[in-house]
Amino acid sequence: MNPVDLSYKAALELAETLKNVNIQQVNTLLELIKIKKRIFVTGAGRSLLMLKGFAMRLMHIGYEVYIVGEVTTPAFLEDDLLIAASASGETKSLISNAERAKEYGGSIVALTIFEQSSLGKLANEVVKIPAYTDKLPVSEINRKGILPGGSMFEEAILLLGDSLILELAKDQQVDTTKAFENHANLE
C-alpha cells in the first residue's frame, strides 16, 4: 500500500475512534474551558505535542493558556484548569502535575484510554479516547490499526482539540478566519 492509501485507511480508523468518544465527557470539558480563568496543558512526548497545538489554537481565539514546564508558565491557581493527556494514565510526571493541581484547588481533566488509571482517578473529569493500546489484549474494542504505537490516541487528541476550537470560537463570537491575528509574527 502506498503512503496516500495508508493515510486514507488511517483517517478512516481515526474516524471510528472519534465516533466512540463520549460526547457528554467532551461537553463537560468544553464547559470547563469556558468558565475557567486560565488553562494549563500537560502531557509527554507526542501527546504533549498535540496539546501544544490545542493550546496555540486556544490562544488564537483569546484564551489565557499555558504549557506546564515552559519557563514563562505562571503559578497554577484555584480557578485554573489543567488538561492532561496520557494514553496509559500512568505517566508519573503527569500524575505529579495533577496531584499538585489538586492541592492548589484547580480542576483537572484527563484525556486517556484508561478512565480508572491513576491520572483518571485524580482528575475531576475524564475524556476517554477509546484508541488502541498495546497494554490490553487485542479484542473487538481494542483493535490494532495501521498506525504505529500510540498514534491513534495522539491524533484523536489533535482532531478533537481542533473541533473544540470551532465550538469555543463560536461561543466567544470569534471568527476563526480572523483569529489568526494572534498568531506568532516574529517567525
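Here are four exercises on this predicted model, each with a worked solution.

Residue numbers start at 1 along each chain as its sequence is written, and side-chain values use heavy atoms, with hydrogens and water left out. Since this is a predicted model, local features need pLDDT of at least 70 and side-chain atom pairs count only at pLDDT 80 or more, while totals for chains, interfaces and linings use all residues.

**Exercise 1. Work out which residues of helix α4 are buried and what they pack against.**

Step 1: get the helix. α4 covers residues 92-103; helices here are DSSP runs of H or I with at least four residues, strands are E runs of at least two, and both are numbered from the N terminus. From first C-alpha to last, α4 reaches 17 Å, close to the 16 Å expected at 1.5 Å a residue (that is, 1.5 Å times one less than the number of residues).

Step 2: sort by accessibility. Buried is under 20% relative accessible area, exposed is over 50%, and partly exposed is in between, with a 1.4 Å probe and protein chains only. Leu-94, Ile-95, Ala-98 and Ala-101 come out as buried in α4.

Step 3: look down the axis. The buried residues fall within an arc of 125 degrees, so they line one face of α4 (the arc uses directions from the helix axis to the C-beta atoms). Lys-92 and Glu-103, on the other side of α4, are exposed.

Step 4: find the neighbours. The buried residues pack against β1 (39-43), β3 (81-85), β4 (107-112) and α5 (118-122), with contact meaning heavy atoms within 4.5 Å.

**Exercise 2. Describe the largest nonpolar core and say which element gives the most to it.**

Step 1: set the rule. A nonpolar core is a set of buried Ala, Val, Leu, Ile, Met, Phe, Trp, Tyr and Cys residues joined through side-chain atoms within 4.5 Å.

Step 2: take the largest one. That core has 37 residues, and Ile-33, Ile-39, Leu-58, Ile-83, Leu-111 and Val-127 have the most contacts inside it. The top contributor is α6, with 9 residues.

Step 3: check for another. A second, separate core has 14 residues, among them Phe-76, Ile-95, Leu-119 and Leu-122.

**Exercise 3. Classify the 2 aromatic pairs.**

Step 1: apply the cut-offs. Rings of Phe, Tyr and Trp (its six-membered ring) pair if their centres lie within 6.5 Å; planes under 30 degrees apart are stacked, over 60 edge-to-face, and the rest tilted.

Step 2: try Phe-40 with Tyr-66. Their ring centres are 5.4 Å apart and the planes sit at 40 degrees, so this pair is tilted. Phe-40 is in strand β1 and Tyr-66 in strand β2, so the pair ties together parts 26 residues apart in sequence.

Step 3: try Phe-40 with Phe-76. Here the centres are 5.0 Å apart and the planes at 70 degrees, so the pair is edge-to-face. Both of these Phe residues are buried.

Step 4: put the pairs together. Phe-40, Tyr-66 and Phe-76 are linked into a cluster.

**Exercise 4. Place two of the 11 salt bridges in the structure.**

Step 1: recall the rule. A side-chain nitrogen of Lys or Arg must be within 4 Å of a carboxyl oxygen of Asp or Glu.

Step 2: start inside a helix. Lys-9 and Glu-13 meet at 3.4 Å, N to O, and both lie in α1 (residues 3-19), 4 residues apart, about one turn of the helix.

Step 3: go to the loops. Asp-80 and Arg-38 meet at 2.7 Å, N to O. Asp-80 is in the loop between β2 and β3 and Arg-38 in the loop between α2 and β1, so they tie together parts 42 residues apart in sequence. Asp-80 and Arg-38 are both buried.
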